[in-house]
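Trainee: Could you walk me through this one before I go back to the bench?
Mentor: Gladly, let's put it on the screen.
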Amino acid sequence: MTTSRTRFTAPQRLPHWLMAICILSMLFIGVGMVSTITSKYLTLVQIHKPLGIAILVLALIRLTLRIIYGAPSLPADLPEPIKLAAISSQYIFYILMIAMPLIGWAMLSAAAYPVVLFGSVHLPSILPVNPSLHTLLWRAHHYLAFAFFAFILMHVAAMIFHKLIRNDGIFETMAPGSTHDYSESK
Amino acid sequence: MVPSPASPKPFRLWPFVLIAAVVGIAAVGFAYTAGWLSPNRLTPKKLVAGLAPPGGPALGHRRNHAKGICFTGTFEANGEGSSLSKAPVFVRGQYPIVGRFNLGTPNPNAEDAMVRVRGLGILITTPDGQEWRSAMINAPIFPVSNPQAFYDLLTASASKDPDAMKNFIAANPGFLTFLPWAKSDQWTESYAEEPYNSLNSFLFVDESGAKHPIRWSLIPAAQLVSISPADLAKRGPDYLEQEITQRVAAGPQHWNLMVTVANPGDPTADPNKAWPADRRTINVGTMTVQQIEPERDGPCRDINFDPTVLPAGITTSDDPFPAARSAAYSRSYNSRTAEEADYPRNATGARQ
């Protein structure tokens, strides 16, 4: 869905940057926690679960806002392959943002772990206890995490490319703050 | 529509360098966090691999305490624990338990008389869905003081170097206080006659938010009957499982859950150090084992008895072991569930 707007709306930009912080933290927490046996392990696990659910909620809010407000259109002169990459990467991000927490939650359910958010607050199990399902979901959670990180690196690289090399206004569509409208500044 | 630059700009190298630098630094930071750049970091993977016998782990089985048998029963709280912890499990009442008697060995086919350490895993659930999991053993203290020392013990005992154990003990003299128990001939003839100790210190959090450092033990109601390992061997390699099955079929077995409260200054971070015997001890309730079930397709089969799965009202202390155990148990769980095909399930197929 595209509109003639040149920037994402403020209610879209805020969750984007909030989620950028949450998801990057989440990926570092994830690889960090599975590689340590120190007391940090428990702290990281305790952050990982509620943060994952927070990301799920934020992702659903963003998806809703995206459906309501749409997205600014891409520059007309953007080469087709880049256009395709830009559009498909957005789909991939939405899929990962929503799938990863759900896979994590389902994985814990399949392993009979309680999904404790904090204190006595916990989520219900969403799958029966099942070793094969657990293995499938655990592997998906593991490999998708690395794919997610790789996509974020590409996303960041692409944004620097758009800003510093093409200077085509794509970075400004999501830039924070009350930057003046790009098209008017030309 | 956003306009694009009218004419191509001259090529500039620095934006590409910046992209490479940003991506590179992020990737290196990620790799460092994942432990790929720290070969000396003690990871769950290393710790679990250290438990494996020379021929490799028994696929599909727990990486330690691999031989075991399931049970179901209840925990009947007498209400006394509520003075120390707000956990609902201490409110007077009866709560279901799924548990597992086990032997401290990575070999699921070990002979009972070859294994000194016997263990008990329990999972107690309260009606609000909170869980308390605990994995205890019959030893009065743990052999070592910290997870690194435990890894060193595994490495030393697997080493071909004749001085390895000598060097380990020189670096970890606390091991000597564990040896008299490990070498004693006073074994019992039944899982039902064993005490099971948390060894690790935890904190009970009361209604006011105050934290009380504690350890707990399950003290058997059954009379202890001592037996030498040689005599136990004569009764057969799986005697303990057969015995507990018959005993529980004849009547439920009981243990009192005793909570020991530390005095100020008692070591909570070191399970190798016992607390003096005069510490305040509270009987908070009774565990009753009502039914024994084979582990294959049994109710404890797919449970990870992670000692850090705790209800609100119990938390970990400065004892470094629960975190290390949780990390290693998780690794073990992931491995064995992925090797499901190697686990000898019952011919009738998966449990319902």
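Mentor: We can go through the contact between the two chains and then turn to the database annotation, keeping in mind that this is a predicted model.
Trainee: How many residues does each chain bring to the contact?
Mentor: Chain A contributes 49 residues, while 53 residues come from chain B.
Trainee: And what area is buried there?
Mentor: About 4100 Å² is buried between chain A and chain B, with carbon and sulfur atoms giving 69% of that area. On chain A's side, A:Ile37, A:Tyr113 and A:Pro131 together supply 17% of the area that chain A buries against chain B, which is more than any other three residues.
Trainee: How many salt bridges or polar contacts are there across it?
Mentor: The count of salt bridges between chain A and chain B is zero, although there are 13 residue pairs in polar contact, counting pairs with both residues at pLDDT 80 or more.
Trainee: Which elements of chain A touch chain B?
Mentor: Those giving two or more residues are α1 (10–33), α2 (40–69), α4 (131–166) and α6 (182–185) of chain A, and of these α4(A) gives the most, with 16 residues.
Trainee: How do the residues on that side divide between nonpolar, polar and charged?
Mentor: On the side of chain A that touches chain B, 28 are nonpolar, 16 are polar and five are charged.
Trainee: Switching topic, what does UniProt annotate on chain A?
Mentor: An unreviewed UniProt entry carries the annotation "domain: Cytochrome b561 bacterial/Ni-hydrogenase" for residues 7–177 of chain A. In the model, that stretch of chain A is 74% helix and 5% strand, and its end C-alpha atoms are 11 Å apart.

Definitions and conventions
Residues are numbered from 1 along each chain as its sequence is written. Chains are lettered from A and ligands numbered from 1 in the order in which they are written. This is a predicted model: local features need pLDDT of at least 70, side-chain atom pairs count only at pLDDT 80 or more; totals for chains, interfaces and linings use all residues. Side-chain values use heavy atoms; hydrogens and water are left out. Contact means heavy atoms within 4.5 Å. Buried area is the accessible area (1.4 Å probe) that two parts lose on being put together, summed over both. A salt bridge is a side-chain nitrogen of Lys or Arg within 4 Å of a carboxyl oxygen of Asp or Glu. A polar contact is a pair of N or O atoms within 3.5 Å; within protein, one must be able to donate a hydrogen and the other to accept it, and residues adjacent in sequence count only if both atoms are side-chain atoms. Helices (H or I, at least four residues) and strands (E, at least two) are DSSP runs, numbered from the N terminus. Ala, Val, Leu, Ile, Met, Phe, Trp, Tyr, Cys and Pro count as nonpolar, Asp, Glu, Lys and Arg as charged, and the others, Gly among them, as polar. UniProt positions are given in the numbering used here, feature names are shortened, and annotations may be inferred rather than shown by experiment.
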